[in-house]
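This report describes one protein chain and its ligand, section by section. Please keep the sequence and the structure at hand while reading.

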Amino acid sequence: MDIAIACKGLVKTFGSLRALDGVDLEIRRGGVTALLGPNGAGKSTTISLILGLLRPTSGEIRVLGRKPGSIELRRKLGAMVQEAKAPDGLTVRELLQLFRSYYPRPLPLDRLLDLSGLRGEAGRRATALSGGQRRRLQFALCMAGDPELILLDEPTTGMDVEARLRFWEEIRALASGGRTVLLTTHSMEEADALAENIHVIADGRIVAAGTPQQLKAIASMPAVSFTADRLPDEAELLRATGAARIERDGSRVRLFASDTDALLPVLFASGWGVRDIRVETARLEDAYRQLTRAADSGAAMPGPHLPSQGGGIPR
Ligand SMILES: Nc1ncnc2c1ncn2[C@@H]1O[C@H](COP(=O)(O)OP(=O)(O)OP(=O)(O)O)[C@@H](O)[C@H]1O
């Protein structure tokens with residue numbers, strides 16, 4: 001079985017709030033995948049659903065071929081969630097031993113201390129650790145059962161630069177050893193540094209997916225924006241102009257294309273009443289904002305605007 005996590009049409013509502021609004025996600029076994037998105041995008045909710053801590057309002061999830069939440073599945077998963085609290089009174093070593101005892105084939109204590117860089121803190125009470133050290137302890141606890149699938153919800157929050165770089169190295173090593181890692185982050189830099197595949201989530205929807213190179217390429221694509229008296233539907237607009245992607249910003253339409261010069265004559269000859277044409281060069285650092293803003297403004301991004309792991313990602 002090639003797929004580690006498959007989510008289909010995942011919806012999660014909290015009262016009137018639609019935290020997830022039809023998330024489709026397919027994550028292959030092995031390697032690192034990032035779920036990248038701004039605050040409130042739905043990253044933690046997705047992780048909680050995958051872990052079986054929450055139930056979806058609708059939609060389907062399969063994790064390593066099973067429904068979330070079973071004991072057999074939990075034994076194969078390691079998770080670092082946000083706002084985890086250490087129990088009072090136990091030292092780092094005791095807590096790690098306790099967690100190791102839950103699993104049939106735990107990693108050795110020394111390995112966990114090395115993985116987390118907490119060897120010097122082994123005798124300290126977990127509650128006395130700094131914020132960054134606590135995060136590293138959570139990582140060690142997440143690894144206690146030698147998990148096949150590792151879920152990390154904003155794992156480097158609170159870590160200093162050195163701890164973060166070291167953590168990234170550990171994640172890369174774990175992934176190259178065959179484990180599957182899904183991590184959430186709002187840092188483009190982190191996703192870029194770690195992940196072979198990135199799914200960008202905004203407003204409860206996956207708005208783009210691809211390798212870091214593909215995301216950068218599409219986000220750094222120049223665009224032509226304009227207003228128009230009348231326009232065909234977006235699929236036809238893409239077909240007629242050969243553009244890669246469409247964004248709408250109020251009445252302004254933005255067409256992304258690697259060759260904007262070729263777009264201009266098409267627009268002039270279109271008969272759509274195109275006015276106020278601007279050629280825009282996107283900057284690389286706008287990538288993430290550009291992708292997530294499209295979701296905020298409700299702009300449709302029809303068709304396979306980015307290839308996913310195995311081809312187009314339909315939405
Ligand atoms: N238990 C809950 N009850 C009500 N609303 C919730 C609950 N959990 C999450 N939400 C809301 O769902 C939306 C998505 O939240 P979520 O925590 O998944 O976002 P996130 O992408 O992880 O954000 P952050 O980067 O800030 O952690 C937010 O609007 C949040 O306020």
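Which residues in H3 meet which residues in H5?

## Helix H3 against helix H5

From H3, the residues that take part are Val 92, Leu 95, Leu 96 and Phe 99, and these meet Leu 137, Ala 140 and Leu 141 in H5. Sorted by class, this contact of H3 with H5 holds seven nonpolar residues, with no polar and no charged ones. The structure is a predicted model, and the values that follow should be read with that in mind.

Two packed helices are described by the angle between their axes and the distance between the axes. For helix H3, which covers residues 92-100, and helix H5, which covers residues 131-143, the axes come within 9 Å and cross at roughly 25°. Because angles under 35 degrees count as roughly parallel, H3 and H5 are roughly parallel to each other. The crossing in which H3 passes H5 is right-handed.

## Helix H4 against helix H5

Helix H5 also packs with helix H4, residues 109-116, at an angle of about 140° and with the two axes 9 Å apart. That angle makes H4 oblique to H5, and the crossing of H4 and H5 is right-handed.

On the H4 side the contact is formed by Leu 112, Leu 115 and Ser 116, which meet Arg 136, Leu 137, Phe 139, Ala 140 and Met 143 in H5. The residues of this contact divide into six nonpolar, one polar and one charged. Leu 137 and Ala 140 of H5 therefore appear in both contacts, since they meet residues of H3 and also residues of H4, within the 7 Å that defines a contact.

## The shell around the ligand

The ligand is surrounded by Phe 14, Leu 17, Ala 19, Gly 37, Asn 39, Gly 40, Ala 41, Gly 42, Lys 43, Ser 44, Thr 45 and His 186. Two elements give two or more residues to this shell, namely strand S2 (17-28) and helix H1 (43-51). The largest share, three residues, comes from H1. By class, the shell has four nonpolar, seven polar and one charged residues.

One of the shell residues, Gly 42, can be related to a distant part of the sequence: the C-alpha atoms of Gly 42 and Asp 203 are separated by 6.9 Å, although the two residues are 161 residues apart along the chain. Asp 203 is placed in the loop between strand S8 (197-202) and strand S9 (205-210). With 20 C-beta neighbours inside 10 Å, Asp 203 counts as buried.

## Loop residues with positive phi

Asp 146 has a phi near 55°, which is a positive value in a residue other than glycine. This residue is found in the loop between H5 and strand S6 (149-153), and with 18 C-beta neighbours inside 10 Å Asp 146 counts as partly exposed.

Glu 154, found in the loop between S6 and helix H6 (161-176), likewise has a positive phi in a residue other than glycine, here near 45°. Having 19 C-beta neighbours inside 10 Å, Glu 154 counts as partly exposed; the class of buried residues begins at 20.

## Ile 61 and Pro 222

Ile 61 has its place in strand S4, residues 58-63, and is buried, with 22 other C-beta atoms within 10 Å. When residues up to four places away in sequence are not counted, Ile 61 touches Cys 7, Leu 10, Leu 49, Ile 50, Pro 56 and Pro 68. The C-alpha atoms of Ile 61 and Ser 101 are separated by 29 Å, and these residues are 40 residues apart along the chain.

Pro 222 lies in the loop between helix H8 (212-219) and strand S10 (223-228), where it is partly exposed, with 16 other C-beta atoms within 10 Å. From C-alpha to C-alpha, Pro 222 and Thr 91 are 55 Å apart in space, and they are 131 residues apart in sequence.

## The chain as a whole

The protein chain contains eleven helices and 15 strands, and buried residues make up 38% of its 315 residues. Among the contacts in the chain with a separation of 6 or more, residues 24 or more positions apart account for 71%.

Technical notes
Residues are numbered from 1 along each chain as its sequence is written. This is a predicted model: local features need pLDDT of at least 70, side-chain atom pairs count only at pLDDT 80 or more; totals for chains, interfaces and linings use all residues. A residue is near a molecule or strand if its C-beta atom, placed from the backbone, lies within 6 Å of it. Helices (H or I, at least four residues) and strands (E, at least two) are DSSP runs, numbered from the N terminus. Ala, Val, Leu, Ile, Met, Phe, Trp, Tyr, Cys and Pro count as nonpolar, Asp, Glu, Lys and Arg as charged, and the others, Gly among them, as polar. Axes are lines fitted to C-alpha atoms, for helices over the stretch in contact, and angles run from 0 to 180 degrees between N-to-C directions. Angles under 35 degrees count as roughly parallel, over 145 as roughly antiparallel, 65 to 115 as roughly perpendicular and the rest as oblique. A crossing is left-handed if the near helix is turned anticlockwise from the far one by less than a right angle, and right-handed if clockwise. Two residues are in contact if their C-beta atoms, placed from the backbone, lie within 7 Å. A residue is buried if 20 or more other C-beta atoms lie within 10 Å of its own, exposed if 12 or fewer, and partly exposed in between; C-beta atoms are placed from the backbone.
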